[in-house]
Amino acid sequence: MSARALTLSTTASDLISLTKPRLSLLVLITAAGGMYLAPGPLGPVRALVTLLATAGTVGAANAFNCYLERHSDQFMARTRNRPLPAGRMDPATALWFGLSLSAVSLPALVLGANLLTGVLGLIALLSYVLAYTPLKARTSAAMLVGAIPGALPPLMGWTAVTDAVDAGGFALFAIMFLWQMPHFIAIALFRKEEYAAAGLKSVPLERGDESSRAQVVLYLVALVPMTLLPFQLHIAGTWYLAAAVVLGLGFLGLGAWGFFKHLGKPWARQTFLFSLVYLTGLFAALTLDRVPRG
Ligand code: HEM
Ligand SMILES: CC(C)=CCC/C(C)=C/CC/C(C)=C/COP(=O)(O)OP(=O)(O)O
């Protein structure tokens, strides 16, 4: 491969890595889930444009986040090889990439879906980049702020169809909001020293491991009943209910086991990994056992 071709492919893969593709993929799955579960028609072209526009907005948010954290990312093993902390990319390139992506994606959201969905996408983008990201170095409560943009994609998928924030869309938002707490507290437990080295706050660093494990359990106690809402709202059927109960009790059991046994990093990593299995399973059950409406 010529030197020029090699440079182009490195730049392309670096631009893709700015969007945090694996995290963004699951975010998009939740957005697609919200779109599929919402009552009413949405043509395939509008659905595709909406999903692509959502992907672009999420990618822009992550690119801006990488730009703003290019210094602190140097101090975590997990992030130090990202294009900016590793010095492979000019920070201005990441900034322009984020600006270009959002300049195309936000109008496409309005055109593909509707104004409400575009506004929710703008709120998610701004809250993630201008609120959550700067707060990470100031308080562990940043997690609660970051969970708002993290929970908006399924609601955006829903409003793309209904053009309204109603009970079903809100239920998906609430499930996503609560799910992010054990997801991240577990990460912050097994990466505690790295977050300290990067000067970033977290529940374990501010409240200690015991309190963090307790918070994992408390958020799971709130999450499990919340996942029953889609059944009660006739969005999904009894098979979903069974899956939500089994997955939820499994997640809660894992959390309780770690709390009562005062378990450390291996348990925390298992809890993080299970959080991904749990969310994927929950959205799979929602879509497979959707109650067709509208
Ligand atoms: C407050 C909100 C959130 C925070 C603070 C957060 C934080 C993180 C961090 C730090 C990692 C890297 C973990 C590691 O490799 O050690 C991660 C991984 C991941 N997160 Fe989250 N996350 C949040 C919300 C979400 C949401 C909303 C989704 C998707 C719906 C998500 C999906 C994922 C996935 C799929 C991974 C694995 C990515 C990979 O292996 O590269 N996260 N998260
Ligand atoms: C439509 C739209 C814009 C939605 C936003 C979707 C989104 C980016 C969700 C992620 C939520 C989140 C707080 C991730 C962790 O970021 P982090 O900065 O803690 O992760 P890092 O440490 O790996 O950089």
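Ala, Val, Leu, Ile, Met, Phe, Trp, Tyr, Cys and Pro count here as nonpolar; Asp, Glu, Lys and Arg count as charged; the others, Gly among them, count as polar. With that in hand, we can read the surroundings of two ligands. The model is predicted.

**Ligand 1**

Start with the shell around ligand 1. It holds 15 nonpolar, four polar and three charged residues. In total, 22 residues surround this ligand. The closest are Arg22, Gln180, His183, Arg191 and Tyr195.

Some of these side chains make polar contacts. Arg22 places a side-chain N or O atom 2.9 Å from an oxygen atom of ligand 1. For Arg191, the distance to a ligand oxygen is 2.4 Å. His183 pairs with a nitrogen atom of the ligand instead, at 3.1 Å.

Where does ligand 1 sit? The site is the largest pocket. Four helices each give two or more residues to its shell: α2 (21-37), α6, α7 (167-190) and α13 (265-288). The largest share, seven residues, comes from α7.

Why does ligand 1 lie between two domains? Domain 1 (13-145) gives residues to the shell, and so does domain 2 (166-293); therefore the ligand lies between them.

**Ligand 2**

Now turn to ligand 2. Here 20 residues form the surroundings. Lys20, Arg78, Arg82, Tyr132 and Lys136 are the closest. By class, the shell has 10 nonpolar, five polar and five charged residues.

Ligand 2 also has polar contacts. An N or O atom in the side chain of Lys20 is 2.9 Å from a ligand oxygen. Arg78 brings a polar side-chain atom to 2.7 Å from an oxygen of ligand 2. For Tyr132, the distance is 2.5 Å, again to an oxygen atom of ligand 2.

How much of ligand 2 does the protein cover? On its own, ligand 2 has 630 Å² of accessible area, and the protein covers 92% of that. Ligand 2 sits in the largest pocket. The elements giving two or more residues to its shell are α3 (44-68), α5 (115-135) and α6 (142-162).

**Polar contacts side by side**

| Residue | Ligand and atom | Distance |
|---|---|---|
| Arg22 | ligand 1, oxygen | 2.9 Å |
| His183 | ligand 1, nitrogen | 3.1 Å |
| Arg191 | ligand 1, oxygen | 2.4 Å |
| Lys20 | ligand 2, oxygen | 2.9 Å |
| Arg78 | ligand 2, oxygen | 2.7 Å |
| Tyr132 | ligand 2, oxygen | 2.5 Å |

Terms used:
Residues are numbered from 1 along each chain as its sequence is written. Chains are lettered from A and ligands numbered from 1 in the order in which they are written. This is a predicted model: local features need pLDDT of at least 70, side-chain atom pairs count only at pLDDT 80 or more; totals for chains, interfaces and linings use all residues. Side-chain values use heavy atoms; hydrogens and water are left out. A residue is near a molecule or strand if one of its heavy atoms lies within 4 Å of it. A polar contact is a pair of N or O atoms within 3.5 Å; within protein, one must be able to donate a hydrogen and the other to accept it, and residues adjacent in sequence count only if both atoms are side-chain atoms. Accessible areas come from the Shrake-Rupley method with a 1.4 Å probe; for residues, only the protein chains shown count as cover. On a 1 Å grid over the protein atoms alone, a cavity is a set of points where a 1.4 Å probe fits but cannot get out, and a pocket is an open set with protein on both sides within 12 Å along at least five of seven lines; lining residues have an atom within 4 Å of a point. A molecule sits in a cavity or pocket if more than half of its atoms lie within 2 Å of its grid points. Domain bounds come from an automatic or database domain assignment.
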